[in-house]
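Welcome! Have a look at the sequence and the structure below, then work through the exercises one at a time.

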Amino acid sequence: LVWSSIQSAASASISLVIGFFLALLLLSSGRRWTKWLMLALLLPGFFPPLMIVLTGMQVTDWLGLSSLGLGVVVFCHALMNVGLVAVGVYQLVVMRLKGMIELATVESAPYKMIVGSIILRRLWRELAILFFLVFSMCFTSFSIPLILGGDQTMSFEVLVYQKVRVYNDWNQALFYVFFEMFFVSCFIWLLPKQDDESVVTELLQFGRWPMPMVFAFCLAPLLLVLFSELAGVLPALTQLHLLSELGGHFWVLSFQSLYLGFAASFVSVLLCWCMGYLSPWGKLRKVFQGLSAPSAVVVGFGLMLLFGDQPYLQLVSLVLGLSILFFPYLYRWQLDPALQRLQSQVEMAKVMGAGRSQIFWDILRPQLVSPVGFIAGVMGFWVIGEFALVQLMTGKELTLAVLAQGLLERYRLDLGSIVILWTITLGFVNWLFIGGVVRVFSHRS
């Protein structure tokens, strides 16, 4: 608990400080480049955790440092979350303080006074929310501490995993799971309540940071991840015979990864249509809005208790667990904003006497095809790149991501980089295929 709290607080603090600085750079980037820079900042958090783990191991290798321990875990968590914080702070400034900043700029107020007296003073509450959000995400993080934590710096999630998989001590694991749920719930309960906000579409230009500096800092996280992947792949391309070490097992894992990705994408489509059909259901929406950071260990542990270890139910429980893990994020990111935009049409149809089924088939379904296809594609992409929950629930090398995990743990960065690149390729193939299938079936029906 102490180690998890320390690393979560350190990760959240670093992410908040650097993210706030990057948000100030975004504010001075100009209307032409802001959206592209925001996308670049968000991409490291979008990639599968394996790429972030590889980056942490490559960086520590270049610096001659240990690739295990608190420092590298905090570095990887900050790398994943700093862009989320930067974009969040930028949108808060534009949404809440745009007029005030423009007035202060016209009156020639000093830059430091605007940052300190307007942005920091008026957004301290929202910055605290961002801190606790990142803290809860890092506290329930399982993938990165599983590989990089080491034996001396074990996280709470990894401890539960070892109690189940290594020691088969379900009683202690159950106690730790309930304690973690209580601990995280206390943090969520302490968060200030926040009104619903619409997505920011306006832009604001404020400050005069040099554009080369803006590009260098905003692109640094993404370029570091991509360069680390290339640094492992390029040398390995001259040694493709290394793949012969994996034999036919490599292609079996490729098929199983695709199969799992397709199944999870299909489940996400069903969930989206169910949420659309039940919309508006305020209580259900509050449930999904409140699931800020589902714990992989809690989800996996609960489903293992529910389904047991029967082989014929293992795939069902695994697909269900991966859907529970990722769907709340995708719901808040894509589906909920789309449903809110259509709410006025739904209310108008109700006034005119339309029933729930007619509203869904004639109004919601045709206009939700694009976000649903996107959600299904991203779900499959993330599932194919997920290794921690698969390892927890099966204890087997079932997918390419689990294979890559084993290679990284053995410091086979060259072969691991190739497997990670192939895993990401399969994820994009699944994304394109599922998105096309959703569009075709929606148009035909």
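**Exercise 1: the whole chain**

What percentage of the 445 residues in the protein chain is made up of buried residues?

*Solution.* Begin with what you are looking at: this is a predicted model, in which local features need pLDDT of at least 70 and side-chain atom pairs count only at pLDDT 80 or more, while totals for chains, interfaces and linings use all residues. Residues are numbered from 1 along each chain as its sequence is written, and side-chain values use heavy atoms, with hydrogens and water left out.

Next comes the term: buried means under 20% relative accessible area, exposed means over 50%, and partly exposed is in between (1.4 Å probe, protein chains only). By that rule, buried residues account for 53% of the 445 residues.

Now turn to secondary structure. Helices (H or I, at least four residues) and strands (E, at least two) are DSSP runs, numbered from the N terminus. The protein chain has 20 helices and zero strands.

Finally, look at contacts, where contact means heavy atoms within 4.5 Å. Taking contacts between residues at least 6 apart in sequence, 84% join residues at least 24 apart.

**Exercise 2: three helix pairs**

Describe how α1 packs on α4, α8 on α13, and α15 on α16.

*Solution.* Two packed helices are described by the angle between their axes and the distance between the axes. Axes are lines fitted to C-alpha atoms, for helices over the stretch in contact, and angles run from 0 to 180 degrees between N-to-C directions. Angles under 35 degrees count as roughly parallel, over 145 as roughly antiparallel, 65 to 115 as roughly perpendicular and the rest as oblique. For handedness, a crossing is left-handed if the near helix is turned anticlockwise from the far one by less than a right angle, and right-handed if clockwise. For residue classes, Ala, Val, Leu, Ile, Met, Phe, Trp, Tyr, Cys and Pro count as nonpolar, Asp, Glu, Lys and Arg as charged, and the others, Gly among them, as polar.

- *Step 1.* Helix α1 (residues 2–27) meets helix α4 (residues 70–106) at about 40°, and their axes are 6 Å apart. The two are therefore oblique to each other. Their crossing is right-handed. In this contact there are 22 nonpolar, six polar and no charged residues.
- *Step 2.* Helix α8 (residues 156–165) and helix α13 (residues 296–307) have axes 9 Å apart and an angle of about 25°, so α8 and α13 are roughly parallel. They cross in a left-handed way. From α8, Glu-157, Val-160, Val-164 and Arg-165 meet Ala-296, Val-297, Phe-301 and Met-304 of α13. Six of these residues are nonpolar, none are polar and two are charged.
- *Step 3.* Helix α15 (residues 343–351) and helix α16 (residues 356–367) pack at about 165°, with axes 11 Å apart. That makes α15 and α16 roughly antiparallel, and their crossing is right-handed. Gln-345, Val-346, Ala-349 and Lys-350 of α15 meet Ile-359, Ile-363, Leu-364 and Gln-367 of α16. The classes here are five nonpolar, two polar and one charged.

**Exercise 3: two serines**

Is Ser-317 buried or exposed? And Ser-370: buried or exposed?

*Solution.* Ser-317 sits in helix α14 (residues 311–341). Its relative accessibility is 5%, so Ser-317 is buried. Leaving aside residues up to four places away in sequence, Ser-317 touches Leu-303, Phe-307 and Met-393.

Ser-370 belongs to helix α17 (residues 369–384). With a relative accessible area of 57%, Ser-370 is exposed. Its C-alpha atom is 8.3 Å from that of Gly-435, which is 65 residues away along the chain.

**Exercise 4: a helix and the loop after it**

How many of the 10 residues of helix α19 are buried? What is the phi of Tyr-411?

*Solution.* Nine of the 10 residues of α19 (residues 400–409) are buried, so this helix is largely enclosed by the rest of the structure. Among the buried ones are Leu-400, Val-402 and Gln-405.

Tyr-411 lies in the loop between α19 and α20 (413–444). Most residues other than glycine have a negative phi. Tyr-411 is not a glycine, yet its phi is positive, about 60°. Tyr-411 is partly exposed, with a relative accessible area of 49%.
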